[in-house]
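Student: Please take a close look at a single part of this model and describe it in one connected answer. Give the cut-off for each term where it comes up.

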Amino acid sequence: ESIEVIIKNYGSSASSTAFNVTLDLNNGSQTYTESIATSIPVGDSISYLFNATADLSNVGSYDIKSYTDYTLDASKTNDSIIHTINNEPTIIPTFTDDFEGINNWIIEGQNPSWALGIPNGITINTTTSGTKAYVTNLTGNYNSFESSYLISPCFDFSQSNGAPIINFNLQYITESGFDYLSFESSIDGGLSWQNIPAATTA
């Protein structure tokens with residue numbers, strides 16, 4: 001995959017000499033350092049596309065870090081950025097998951113309490129099958145000011161006949177008037193999400 005970064009000059013003078021920019025994947029599993037000779041005026045920025053490409057083909061999470069090394073830079077506190085990319089498996093239906101095998105689900109959001117394990121709370125202390133479940137706190141309440149997401153693997157419905165049917169077991173108690181949960185889908189790799197309404201019968 002191609003990696004592009006934005007480099008901004010926060011200093012008090014334009015960059016006058018060439019400097020290095022490094023791409024680091026998963027703390028050194030893949031590392032590439034390249035040289036940039038372009039001068040960057042004060043407060044301005046440039047877009048740099050690495051000549052090297054990153055191998056993100058395996059399913060999993062990738063911590064991508066990029067940083068600059070400029071000899072005349074008096075402050076090194078703002079020279080790096082880290083971003084995480086998740087490469088999710090693509091699954092062709094039919095698909096079932098009781099959370100006892102390989103974990104293909106991702107937790108994201110603000111202050112998440114989601115956890116995979118054996119539930120042992122007052123409200124949720126059993127599972128539909130097996131011993132494990134995804135629960136917002138396996139032993140108690142979910143967090144205050146939580147806005148979290150449990151994201152499934154990517155599903156390929158291109159070979160499906162008719163509309164896909166999804167069902168799952170859900171148990172919840174929320175603070176009435178304040179908290180809620182929703183079921184959403186994305187068809188653009190997670191850039192945008194749409195609520196999925198409950199099924200209706202004629």
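**One strand, its partners and the core**

Tutor: Six bridges link β2 to β5, and the two strands pair in the antiparallel sense. Strands here are DSSP runs of E, at least two residues long, numbered from the N terminus, and two strands count as paired if DSSP finds at least two bridges between them. The model is predicted, and local features need pLDDT of at least 70, side-chain atom pairs count only at pLDDT 80 or more, while totals for chains, interfaces and linings use all residues. Residues are numbered from 1 along each chain as its sequence is written, and side-chain values use heavy atoms, with hydrogens and water left out.

Within the pairing of β2 with β5, L25 stands opposite I64. β2 also runs antiparallel to β3, to which seven bridges join it; here T22 has T33 of β3 as its bridge partner. The hairpin of β2 and β3 has four residues between the strands, and N26 takes a positive phi near 50 degrees in it.

These pairings belong to an open sheet of four strands in the order β3-β2-β5-β6, paired antiparallel. The edges are held by β3 (30–36) and β6 (80–87); each has a single partner strand, so one side of each is left without a neighbour in the sheet. On average, neighbouring strands of this sheet are turned by 15 degrees against each other, direction ignored. The angle is taken between axes, which are lines fitted to C-alpha atoms, and angles between N-to-C directions run from 0 to 180 degrees.

The edge strand β3 contains Q30. At 15% relative accessibility, Q30 counts as buried, since buried means under 20% relative accessible area, exposed over 50%, and partly exposed in between (1.4 Å probe, protein chains only). The side chain of Q30 reaches the backbone nitrogen of D55 at 3.1 Å. This is a polar contact, that is, a pair of N or O atoms within 3.5 Å; within protein, one must be able to donate a hydrogen and the other to accept it, and residues adjacent in sequence count only if both atoms are side-chain atoms. Setting aside neighbours within four places in sequence, Q30 is in contact (heavy atoms within 4.5 Å) with L23, D24, L25, T53, A54 and D55.

β2 also contributes to the largest nonpolar core, which has 17 residues; the members that touch the most others are I7, L25, I36, Y48 and F50. Such a core is a set of buried Ala, Val, Leu, Ile, Met, Phe, Trp, Tyr and Cys residues joined through side-chain atoms within 4.5 Å. At least two residues of this core come from each of β1 (4–8), β2 (19–25), β4 (45–49) and β5 (60–69). β2 gives the most, with four residues. In soluble globular proteins, nonpolar side chains tend to be buried together.

I36 shows the contacts of one core member. With neighbours within four places in sequence left aside, I36 is in contact with I7, A18, F19, V21, I46 and Y48. Of these contacts, I7 and Y48 are, like I36, among the members that touch the most others in the core.
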